[in-house]
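This briefing concerns a predicted model. Its topics are a metal site and the packing of helices.

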Amino acid sequence: MKPELQALLELQDIDLALDRLQRRKQEIPQEIQQRKARIEALQREKVQLVEHLNQKKLQIRKLEKEILAAEQTLQKFQSDLLKLKDNKEYQAKLHEIEIQKQKIRQLEDQTLEVMEEVEILEQELPAKQRELERQIQEIQARVAALEKEFQGLDDQMLELSSRREAYRTRVPASLLKQYDRLRHLVGGRVVVPVQNNTCTGCNAELPVQVVINLKVTGEFGHCENCGRFIYVED
Ligand SMILES: [Zn+2]
């Protein structure tokens with residue numbers, strides 16, 4: 001391989017690495033933001049778990065009060081019953097008492113249901129909290145890693161940029177001009193190997209004679225389809 005081709009490929013490696021760092025610089029803040037939003041959602045979920053349980057406990061206390069009030073009403077009905085002389089009124093009161101008893105039974109059933117729910121929620125709570133906390137910590141660790149990566153980007157880019165300048169001096173000026181132009185127009189990888197008589201930049205098939213020439217001379221040419229530098233690997 002000709003030294004100028006070697007120099008061009010090395011320059012390209014640095015430029016591609018710089019491209020990657022530049023991309024990361026744009027991507028990372030967004031990635032951090034998404035993860036922080038997820039952490040907030042998980043923390044809300046953690047609070048809601050306890051809130052839900054407390055609401056259920058509150059519901060039990062409310063039901064217990066209702067039962068107490070209903071029992072007092074029942075007692076009143078029962079003492080009223082003793083005072084009644086008229087059979088029709090007596091029967092009506094008996095009916096009222098029966099309805100009141102039903103109401104109390106329903107409230108008691110309802111209370112039992114909610115108590116069972118509370119029992120299950122209380123049993124499940126620690127494991128659910130631990131799982132949410134585990135997820136939060138995992139994402140926090142990822143955020144810390146991303147922040148560290150982001151902080152290191154400028155130094156890496158600075159270091160690569162100075163290496164880039166050194167490598168650019170090794171490439172002949174006319175070649176450098178073509179390279180810069182292609183980088184500007186096409187972007188990404190502009191010096192590409194030929195594989196199976198095909199330009200690996202644009203996948204166009206190349207004339208066999210062109211490929212043979214490249215192979216024999218160790219020089220590079222241009223793909224007639226996309227204009228990229230093409231060469232045959234040793
Ligand atoms: Zn091509």
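The zinc ion is bound by four protein donors, the SG atoms of Cys 199, Cys 202, Cys 223 and Cys 226, which lie 2.3 Å from the metal. The site is tetrahedral, the angles among its 4 donor atoms being 107 to 113 degrees. For four tetrahedral donors, the ideal angle at a metal is 109.5 degrees.

**Zinc site in the sequence**
- The donor residues of the zinc ion follow the spacing C-x2-C-x20-C-x2-C.
- Cys 199 belongs to strand β2 (residues 198–199), while Cys 226 sits in the loop between β3 (220–222) and β4 (229–231), so this pair ties together parts 27 residues apart in sequence.

**Packing of α1 and α2**
- The axes of α1 and helix α2 (residues 87–168) come within 5 Å of each other and cross at roughly 165 degrees.
- Because angles over 145 degrees count as roughly antiparallel, α1 is roughly antiparallel to α2.
- The crossing of α1 and α2 is left-handed.
- Sorted by class, the contact of α1 with α2 comprises 40 nonpolar, 14 polar and 30 charged residues.

**Packing of α1 and α3**
- Helix α1 (residues 3–83) packs with helix α3 (residues 173–185) at an angle of about 30 degrees, and their axes are 12 Å apart.
- Because angles under 35 degrees count as roughly parallel, α1 is roughly parallel to α3.
- The crossing of α1 and α3 is right-handed.
- On the α1 side, the contact involves Glu 4, Leu 8, Leu 11, Gln 12, Asp 15, Leu 16 and Asp 19; these meet Leu 175, Leu 176, Tyr 179 and Arg 183 in α3.
- By class, the contact of α1 with α3 consists of 6 nonpolar, 1 polar and 4 charged residues.

Key
Residues numbered from 1 in each chain as written. Predicted model: local features only at pLDDT ≥ 70, side-chain atom pairs only at ≥ 80, totals over all residues. Heavy atoms only, no water. Axes fitted to C-alpha atoms, helices over the stretch in contact; angles between N-to-C directions. Helix = DSSP H or I, 4+ residues; strand = E, 2+ residues; numbered from the N terminus. Parallel < 35°, antiparallel > 145°, perpendicular 65-115°, else oblique. Left-handed = near helix turned anticlockwise from the far one by under 90°. Contact = heavy atoms within 4.5 Å. Nonpolar A, V, L, I, M, F, W, Y, C, P; charged D, E, K, R; others polar. Donors = N, O, S within 2.8 Å, 3.2 Å for Na, K, Ca; no water. Tetrahedral: all angles 85-135°; square planar, octahedral: opposite > 155°, others 65-115°.
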